[in-house]
Amino acid sequence: MPIVQQGSINTTALVVPDLYVQIVPPQTLLLNGVPTDILGIVGSASWGPVGLPVTIGTMAQYAAAFGPVMPRAFDLGTPIATAVQQGAQNFRCVRVTDGTDTPASLTLQTAITLTARYTGSLGSGISVVLSTGSKANTWRITVALSASTPEIFDNIAGTGAALWQAIVSAINIGNGALRGASQTVVASYAGGTAVPVAGSFTFTTGTPGTDGASGVTAATLIGSDSVPRAGMYALRGQGCSVALLSDATDVTQYTTQAEFGLSEGIYMILAGPAGDTTANAVATKASAGLDSYAAKLMFGDWLYWNDQTNAMLRLVSPQGFAARRLVNLSPEQSSLNKQLYSIAGSQRSGSVASGQSSTYATADLQALFQAGIDVICNPQPGGTYWGVRCGHNSSSNAAVNGDNYTRLTNYIAATLSAGMGVYVGSVINSTLFQNIRATLLSFLQAMLGEGLLGSTDGSQPFAVICDTTNNPQTRTALGYVQADVQVQFQGINEKFIVNVEGGQTVQVSHQTLTS
């Protein structure tokens, strides 16, 4: 009485009399939507791997992985910090350098050399404590770095060269089931044989590490698409819904970012240079040839922000604030008129401390929005608070220039890409058509039920065709199957008109409702 999976035996060619139980998998696949809260950020840092995306959820995790927020251009931590203060908590972070970065190192008692695992100035703060071990006639070495848990390698036995080599082995490989290799330093034997002298040592007395940040440019943040990928291209396949290159205001790189966003289904947040003017921003965007729903260009009115790490008021790019607002919204929503926090002012409006307060003229806003440029300002239509003022991407096509179009389109496409591939390799027949159609309809129905889709008249805002009408024999015989999906998005209330008729001569008509 064999139990088999459906399709693993030929049920038309059985010979042995028996009971055959086939496990039939569910015929209709259910799609679960992909996450839309992942924010990709590229920038420089004082620690951490270069060119590798690292998952970060909090500023504590960022400090452990990349060091502190640095008050300089192209910093990786600054837009993360501004986004975290808005509620974002799912990042893919990529560190870049100008190629001059070096790791800190220290030679300990002329016996072993310890080199920081990563390049950067943070490595200069590594401390090492050499002491007697918990067991008799053994040694312990403790390696510590700020924001990270100290690494303790205990009960290392031996004498002379063998002891020092055992210390090297413990650091590089680990010395027990619960103490793996160091994630802070790499050790190498320097030829010493003397008896260790207990004490505390810091890398400040050795060779300092360097960040390789002074020569970083927007092109550095773009990186390269060849393996191993670097910069922006390291975000490929990371599932980012929104991404930004920290402080990358080089107009020549705008369209490159937009092209990447189109290829990966990522909403790229761009920014103009600090202190930009309306006329220059409009002219610059036109000269760059940027006209894509995959990119959102923020006007170069940079924002004053209290940097708590460095205890200073800084002028920072609006990218982190706009990006956070988007990743914390359901994809059918617009960033328009949504409140932002921790903003102390802007270049155009002035800072709170200065006592200055000015607002954008309608003419300025009209010029920016017609050009496909958004801005963070105060007040908003809903009140006196900071927020994104337009909610548009950089496209000149009114049918696709809303935040909601970019994010909802990318969300649907990414979900189908992640889940519908299971049907590849299936036999083409009416059952396959039914299953494909059922899967697509169930996903769209779930979106409708959660409010991601809707219509003003209550009609069904989607349709799916997958049958012989769009899959003729001439196509299926060649292995093609096609599903045609139509989805109607909900509009965004951008121009709300309330007509008020008042006066002594106004005749008000009342309608009496009968029960």
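Me: Let me start with Lys296. Is Lys296 buried or exposed, and at what relative accessibility?

Reply: Buried: Lys296 comes out at 0% relative accessibility. Keep in mind that this is a predicted model. The cut-off to remember is that under 20% relative accessible area means buried, while over 50% means exposed.

Me: Which residue does the Lys296 side chain meet in a salt bridge?

Reply: Asp374, with 2.6 Å from N to O. Lys296 belongs to strand β15 (residues 295–298) and Asp374 to strand β20 (residues 373–374), so this salt bridge ties together parts that are 78 residues apart in sequence. Asp374 counts as buried too, at 1% relative accessibility.

Me: How many salt bridges turn up in the whole structure?

Reply: A search of the whole structure gives 10. Some of them join up: Asp225, Arg229, Arg236 and Glu264 are linked in a network of salt bridges.

Me: How should I read that network? Which residues does Arg236 pair with?

Reply: Take it pair by pair. The side chains of Arg236 and Asp225 meet in a salt bridge at 2.9 Å, N to O. Both Asp225 and Arg236 sit in the loop between α4 and β13, so this pair ties together parts that are 11 residues apart in sequence. Arg236 also forms a salt bridge with Glu264, and there the closest N and O atoms are 2.9 Å apart. Glu264 is in helix α5 (residues 254–264), so that second pair links parts that are 28 residues apart in sequence.

Me: And how covered are these residues? What are the relative accessibilities of Asp225, Arg236 and Glu264?

Reply: Asp225 is partly exposed at 34%, Arg236 is partly exposed at 22%, and Glu264 is partly exposed at 27%.

Me: On to helices. How do I check the length of helix α3?

Reply: Work out the expected span at 1.5 Å a residue, then look at the ends. The 14 residues of α3 (residues 160–173) should span 20 Å, and the end C-alpha atoms are indeed 20 Å apart, so the two agree.

Me: How do I tell which face of a helix points inward?

Reply: An α-helix has 3.6 residues a turn, so residues three or four places apart point the same way. Now look at the buried residues of α3: Leu163, Trp164, Ile167, Val168, Ala170 and Ile171. They cover an arc of only 160° around the axis, which puts them on the same side of α3.

Me: What do the buried residues of α3 pack against?

Reply: A set of strands: β7 (112–116), β8 (127–132), β9 (138–144), β10 (151–157) and β11 (185–189). Just after the helix comes Gly174, which has a positive phi, near 110°.

Me: Which residues other than glycine have a positive phi?

Reply: Two to look up are Phe74, with phi near 65°, and Asn155, with phi near 55°. Phe74 is in the loop between α1 (59–66) and α2 (77–84), and is buried at 17% relative accessible area. Asn155 is in strand β10, and is partly exposed at 30%.

Me: What about backbone oddities at proline? Where are there cis peptide bonds?

Reply: Look at omega. The bond from Val227 to Pro228 is cis, with omega near 0°, and Pro228 is in the loop between α4 (218–222) and β13 (242–245). The bond from Asn378 to Pro379 is also cis, with omega near 15°. Pro379 is in the loop between β21 (376–377) and β22 (387–388).

Me: One for a loop glycine: what does Gly272 touch?

Reply: Leaving out residues up to four places away in sequence, Gly272 touches Thr249, Tyr254, Leu297, Met298, Phe299, Gly300 and Trp302. Gly272 is in the loop between β14 (267–271) and α6 (278–288), and counts as buried at 4% relative accessibility. The C-alpha atoms of Gly272 and Thr284, 12 residues apart along the chain, are separated by 9.0 Å.

Me: Last one, the surface. Which residues make a nonpolar patch there?

Reply: Ile3, Leu19, Val21 and Ile23 make a nonpolar surface patch of about 350 Å². Of these, Val21 lies in strand β2 (residues 21–23), and is partly exposed with a relative accessible area of 33%.

How values were computed. Residues are numbered from 1 along each chain as its sequence is written. This is a predicted model: local features need pLDDT of at least 70, side-chain atom pairs count only at pLDDT 80 or more; totals for chains, interfaces and linings use all residues. Side-chain values use heavy atoms; hydrogens and water are left out. Helices (H or I, at least four residues) and strands (E, at least two) are DSSP runs, numbered from the N terminus. The expected span of a helix is 1.5 Å times one less than its number of residues. Buried means under 20% relative accessible area, exposed over 50%, partly exposed in between (1.4 Å probe, protein chains only). The arc is that of the directions from the helix axis to the C-beta atoms. Contact means heavy atoms within 4.5 Å. Patches are made of residues with over 30% relative accessible area and no salt bridge: like charges are joined within 9 Å, nonpolar side chains (Val, Leu, Ile, Met, Phe, Trp, Tyr) within 5 Å. Accessible areas come from the Shrake-Rupley method with a 1.4 Å probe; for residues, only the protein chains shown count as cover. A salt bridge is a side-chain nitrogen of Lys or Arg within 4 Å of a carboxyl oxygen of Asp or Glu.
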